[in-house]
Amino acid sequence: LAQFNELLGILIVSTGEPPSRWGRVYIDDDFQVRHEQHSTVIPAESEAYQAKCLLQLAFAKLDKSDAVVIDGASIMTLNGRNGLLNMLIRAKLPALVTTSANEPLHVADLAPEYGVSYWLENSTIVPLEDAIGAAKDAA
């Protein structure tokens, strides 16, 4: 458990966010997921989601997964999503991250350095760059 908690700590540092934003997440001796800022199991949805992402990435690193799928990242704050992306980039593990946004301009464009961003609407998926261009043309 200590080795796994150490990996969680390394991943938290890799977010590039101040420790107070993500806080230390760990598994206690009773196998409860805990957050250092709370005396009980993680209460807030966004903090629980951050812990879920950390655990998912830690397990993926340990079992040498080829990739991770992280669905619903829009529950996080902008700083939380940025931290998540930083963590994924530094982990060097391919990832598919989904989030919802009202318009293409609100989506992080990861190209070309870190990956590719897409816009999905009405069952049609296009590169984010194309969706942004179409949105600007329509304005």
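Select helix 4 (78-91), strand 4 (95-97) and strand 5 (118-121): each supplies at least two residues of the lining of the largest pocket. Helices (H or I, at least four residues) and strands (E, at least two) are DSSP runs, numbered from the N terminus. The structure is a predicted model, in which local features need pLDDT of at least 70 and side-chain atom pairs count only at pLDDT 80 or more, while totals for chains, interfaces and linings use all residues. Residues are numbered from 1 along each chain as its sequence is written, and side-chain values use heavy atoms, with hydrogens and water left out.

**The pocket**

Keep helix 4 highlighted, since the largest share of the lining, seven residues, comes from this helix. A pocket here is an open set of points on a 1 Å grid over the protein atoms alone, where a 1.4 Å probe fits, with protein on both sides within 12 Å along at least five of seven lines; lining residues have an atom within 4 Å of a point. The space in the largest pocket is about 920 Å³, a volume being the space filled by probe spheres set on the points. Next, select V97, T98, T99, L110 and S117, which lie nearest the pocket centre among its 31 lining residues. By class, the lining comprises 21 nonpolar, eight polar and two charged residues; Gly counts as polar in this scheme.

**The hairpin**

Move to strand 5 and strand 6 (residues 124-127), which run antiparallel and are joined by four bridges; two strands pair if DSSP finds at least two bridges between them. Select Y118 and its bridge partner in strand 6, P127. Two residues lie between the strands of this hairpin, where N122 takes a positive phi near 50°.

**Helix 5**

Continue to helix 5 (residues 128-138) and pick L128, A131 and I132, which are buried (under 20% relative accessible area, with exposed meaning over 50%, for a 1.4 Å probe and protein chains only). Viewed down the helix axis, the buried residues of helix 5 fall within an arc of 100°, so they line one face; the arc is taken from the directions from the axis to the C-beta atoms. These buried residues pack against strand 5 and strand 6. On the face turned away from the buried side, select the exposed residues E129 and D137.

**Y49**

Finally, select Y49 in helix 3 (residues 45-62). Y49 counts as buried because its relative accessibility is 9%. Beyond its neighbours within four places in sequence, Y49 is in contact with I70, D71, G72, A73, I75 and M76, contact meaning heavy atoms within 4.5 Å. A distance label from Y49 to G80, C-alpha to C-alpha, spans 10.0 Å, with the two residues 31 apart in sequence.
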